[in-house]
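Colleague: Could you take me through one part of this model closely, the larger sheet and what packs on it? I would enjoy one connected account rather than a list.

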Amino acid sequence: MKDKELKSSFFGADRRSRLLPLFLIVSSLCAVSFYLGGAFCSEKKTIDETYQSLAASDKGGCSTVIKQAPFQPCNITMQDYTPCTDPVRWRKFDKQRMAFRERHCPPRAERLQCLIPPPEGYKPTMLWPKSRNECWYKNVPYDWINNEKANQNWLKKKGDKFVFPGGGTMFPNGVGEYIDHMEELIPGMKDGSVRTALDTGCGVASWGGDLLDRKILAMSLAPRDNHEAQVQFALERGIPAMLGIIATQRMPYPANAFDMAHCSRCLIPWTEFGGVYLLEVDRVLRPGGFWVLSGPPVNYEVHWKGWESTEEKQKGDLDRIKDLLDKMCYKLYAMKDDLAVWQKPLDNTCYEQREEGTYPPVCDDAIEADAAWYVPMRPCIVPQHPDATRISVDTVPKWPERLTHAPERLIWTAGGNTGGFNQDTRIWKERVKHYKTLVPELGTNKIRNVMDMNTLYGSFAAALIDDPVWVMNVVSSYATNSLGVVFDRGLTGTVSDWCEAFSTYPRTYDMLHVAGLFNAESHRCEMKDVMLEMDRILRPNGIVIVRDTRQFWTTPTSWVRP
């Protein structure tokens, strides 16, 4: 009986009587461009019919869309434009600690008011899982990695495609063999204890791609740099990734998020600047989580000559890393061949037992642990929550049970409770079922990269868990910081602000889900800019699902005019 009432509440004919009726609008990139001017729409008739059909079937009385003055295409040289990590603007910013590669969004007066074009010869992205192993060259037409890393099997150009053999700097024989060895050292990778992972300096994300078959969901993080489009390659392959760098600002993730963090010759100077980089990895690792390091200086006795270094220097580097981690109360979990694994402490006990004056110090509470949007990193240990052991790697239910288990962290989250969590999970399961009647592609391999632009607990993503998709769960930097709950469920995501551009390349998502975003953020953000950003990151023929209040569809002229 309750299920019937729930379904009726959200999809039934009684929507007319609701104070703020919700509407569902489904459209392709052509439809988004239809709002913005129709620049790349080759199926306008189909889109018009879609809107007419939705309007006719909507018993809530959704009005038809009014075409607005068109935006023009940007210059073709902008085909891979990333507004907040734009190399053209790097010279304006501090080069120390690579700060210029962090997010530096243009002021509003300098934002582009045009539609990012695809490169010449662009083709629809290959379907999953074929896309994991190959992609169209013209979609990501960059040769630097192919030329510079050919001997390491990152990728190879074959005809009109790039193929990905699964190699890497530290695993030229294949990522599968490399992870097999890692699993021998960390048994929790095989029994569901380890589910969420972070790959810093990810290359073309072969590590994260292989982990998907092992039921581990890795976020691949890399900056826009001379490697040319590492993250774009990853997303073209259908592997979770985003632009980012550990430099001066915290990563856009909450504390205690990842079960594991990984660095394979990522060349981050871990012990410099007071160890601030490793201390930031510590912040986002959950209690009992694992930090895995391969490449310099691990196994330096064998590799130091190939690293164009000296044995003494590499030994010194490893000793300094060991010393820093020891003072951070980490335990050397395993070290064998090219891999070293350390484990984070479960609580604050060890910190409290250190000698007075031990460096790095424990941070004061001036900045909350979960704050992660333009927050400066500090060379100190972020203390554990008093109940941190309740969300440790060994305590959180194993995958897949953790997906539907109400996380302990809910009680730390404003407004969070088990009843609300369970209701949110149930509601989105019903809604996704309804979405699939409107979007037959949802649930098939025609849709792979999905973004939930305004999530609470990740329940939309949870409802899609059996489908061949992965979901980037986005929590607004101005909303309740519930992203930790998303990670506790074994899902992934990031904090962001939709008044600015997202940290990704153009054409990287097959579907955008927008639930309540316009209503929540229209008082801060120019909705025209949000729609332009949606157009930038959505692939040609991609799909948008919007749920919001009537005002955003009956008065489009207030926010789509150029």
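Modeller: Happy to. Helix H7 (residues 230-237) lies across strand S6 (217-222) and S7, and its direction makes an angle of about 155° with S7. Do keep in mind as we go that this is a predicted model. Helix H8 also lies across strands, in its case S5, S8 and S9, running at about 135° to S9.

The strands just named belong to an open sheet of seven strands, with the order S7-S6-S5-S8-S9-S11-S10 and mixed pairing. S7 and S10 stand at the edges with a single partner strand each, so one side of each has no neighbour in the sheet. On average, neighbouring strands here are turned by 20° against each other, direction ignored.

Let's look at S8 within that order. Seven of the seven residues of S8 are buried, so the strand is largely enclosed by the rest of the structure. Strand S5 (residues 196-200) pairs with S8 in the parallel sense over three bridges, and Leu198 stands opposite Ala261 in S8. S8 and S9 also run parallel, joined by six bridges. Along that pairing, Met260 stands opposite Phe290 in S9, while Ser264 has Ser294 of S9 as its bridge partner. As a reminder for reading the side chains, in a regular strand they alternate between the two faces of the sheet.

Phe290 is a good place to pause. This residue is buried, with a relative accessible area of 5%. The ring centres of Phe290 and Tyr333 are 4.9 Å apart and the planes stand at 70°, over the 60 degrees that edge-to-face requires, so the pair counts as edge-to-face. Phe290 is in strand S9 (residues 285-294) and Tyr333 in strand S10 (residues 331-336), so the pair ties together parts 43 residues apart in sequence. Tyr333 is partly exposed, at 32% relative accessible area.

Now for the helix that comes before S10 in the chain. Helix H10 (residues 311-327) has 17 residues, which should span 24 Å at 1.5 Å a residue; the end C-alpha atoms are 24 Å apart, so the two agree. Which residues of H10 are buried? They are Gln314, Gly316, Asp317, Leu318, Ile321, Leu324 and Leu325. It helps to recall that an α-helix has 3.6 residues a turn, so residues three or four places apart point the same way. The cover over the buried residues of H10 includes helix H8 (276-284), S9, helix H9 (300-303), S10 and strand S11 (339-343). H10 is followed by Cys329, where phi is positive, near 70°.

Back at the other edge of the sheet, the rings around H7 are worth your time. A search of the whole structure finds 19 aromatic pairs. Among them is Tyr253 with Phe487, an edge-to-face pair at 6.4 Å centre to centre with 80° between the planes. This pair links distant parts of the chain, with Tyr253 in the loop between strand S7 (241-243) and strand S8 (258-264) and Phe487 in helix H14 (residues 483-488), 234 residues apart. Both Tyr253 and Phe487 are buried.

Ring pairs also link Tyr137, Phe162, Phe164 and Phe233 into a cluster. Arg237 lies over the face of Phe164, at 4.1 Å from the ring centre. Elsewhere, Lys95 takes a similar place over the face of Phe100, at 5.5 Å from the ring centre.

Following Phe162 leads to another sheet. Strand S4 (residues 161-163) pairs with S2 in the antiparallel sense over three bridges, and Trp136 has Lys161 of S4 as its bridge partner. Three strands form this open sheet, in the order S2-S4-S3 with antiparallel pairing. Strand S2 (134-136) and strand S3 (156-158) stand at the edges with a single partner strand each, so one side of each is left without a neighbour in the sheet. Neighbouring strands are turned by 30° against each other on average, direction ignored.

One last stop is a loop. Ala414 is found between helix H11 (349-353) and helix H12 (418-438). With 59% relative accessibility, Ala414 counts as exposed. The C-alpha atoms of Ala414 and Asn481 are separated by 8.0 Å, although these residues are 67 apart along the chain.

Methods: Residues numbered from 1 in each chain as written. Heavy atoms only, no water. Pairing = 2+ DSSP bridges. Helix = DSSP H or I, 4+ residues; strand = E, 2+ residues; numbered from the N terminus. Axes fitted to C-alpha atoms, helices over the stretch in contact; angles between N-to-C directions. Phe/Tyr/Trp six-rings, centres within 6.5 Å; stacked < 30°, edge-to-face > 60°. Buried < 20%, exposed > 50% of the residue type's maximum accessible area, 1.4 Å probe, protein only. Lys NZ or Arg CZ within 6 Å of the ring centre and 35° of its normal. Expected span 1.5 Å × (residues − 1). Contact = heavy atoms within 4.5 Å.
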